[in-house]
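Hi,

Here is the structure I promised to pass on. Have a look at it first, then read on for what turned up.

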Amino acid sequence: MKNLTEDVSHLANQLLIAMPGMVDDRFSGTVVYLLEHNQQGAMGLVVNRPTDLDLHGLFDKINLKLEIDPLIKQSVYLGGPVQTERGFVLHSQEEDVQYSSTLVVPGGLAMTTSKDVLEAVSEGGGPNKFLMSLGYAGWSAGQLEDEIARNGWLNVSTSLEKISEIVFDTPCAQRYQKVMYIIGIDPSHLSGEVGHA
């Protein structure tokens, strides 16, 4: 397991919401959970872009049997435009369970890329709460900070309970608005213009 170092500019374990000024259509209207943010760049998973694929279909493709309701119909998400052929499982941290390749966000969620987490799910185990995605969102050094400065993103720091509620319990179509309401913003009042003092 990999732990991240604490840093004043460290945005991991926060949510990013795409602002109306977002110029990249791939991220328009998205909510991203940030897994990593350091001097080398940032990595996160989009949590509100479901694909046409459900878990049953995905498990069939990787030769695993999944017969657990309601998981069969659970959506697989497009986590971002990087490595879309690769699976990323965003899940709650559980102290008694470890998987082969897991990134643990201090004070936050965890993300596993190894197949053993899906094998556990197919056997009726696995994380209590999880979101399956294909691909991830990545930024090079300084790129995310630049996009935030240009009004492309708004970073939202909130409790792990609120993050979990948004990612795992809120209907997908309501996640963007729920994050906005957490910080007291009505999405209909947003502007795409960058403000200057």
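One thing before you start: this is a predicted model.

Let's begin with the largest pocket. What mix of residues makes up its lining? Eight are nonpolar, four are polar and three are charged. That covers the 15 residues lining the pocket, and the ones to click on are Leu71, Gln74, Lys129, Phe130 and Phe168, which lie nearest its centre. If you'd like to find them by element, those giving two or more residues to the lining are β5 (75-78), β9 (130-140) and α4 (160-169). The top contributor is α4, with three residues. As for the space inside the pocket, there is about 290 Å³ of it.

Now stay with α4, since it also has a helix partner. Two packed helices are described by the angle between their axes and the distance between the axes. For α4 and helix α5 (residues 175-182), the angle is about 160° and the axes are 9 Å apart. Angles over 145 degrees count as roughly antiparallel, so that is how α4 and α5 run relative to each other. Their crossing is right-handed.

Which residues meet where these helices pack? On the α4 side they are Lys162, Glu165, Ile166 and Val167, and on the α5 side Arg175, Lys178, Val179 and Ile182. By class, this contact has four nonpolar and four charged residues, with no polar ones.

So when you open the model, try α4 as your starting point: it helps line the largest pocket and packs with α5.

Cheers

Conventions
Residues are numbered from 1 along each chain as its sequence is written. This is a predicted model: local features need pLDDT of at least 70, side-chain atom pairs count only at pLDDT 80 or more; totals for chains, interfaces and linings use all residues. Side-chain values use heavy atoms; hydrogens and water are left out. On a 1 Å grid over the protein atoms alone, a cavity is a set of points where a 1.4 Å probe fits but cannot get out, and a pocket is an open set with protein on both sides within 12 Å along at least five of seven lines; lining residues have an atom within 4 Å of a point. Grid points are joined across faces, edges and corners, and a volume is the space filled by probe spheres set on the points. Helices (H or I, at least four residues) and strands (E, at least two) are DSSP runs, numbered from the N terminus. Ala, Val, Leu, Ile, Met, Phe, Trp, Tyr, Cys and Pro count as nonpolar, Asp, Glu, Lys and Arg as charged, and the others, Gly among them, as polar. Axes are lines fitted to C-alpha atoms, for helices over the stretch in contact, and angles run from 0 to 180 degrees between N-to-C directions. Angles under 35 degrees count as roughly parallel, over 145 as roughly antiparallel, 65 to 115 as roughly perpendicular and the rest as oblique. A crossing is left-handed if the near helix is turned anticlockwise from the far one by less than a right angle, and right-handed if clockwise. Contact means heavy atoms within 4.5 Å.
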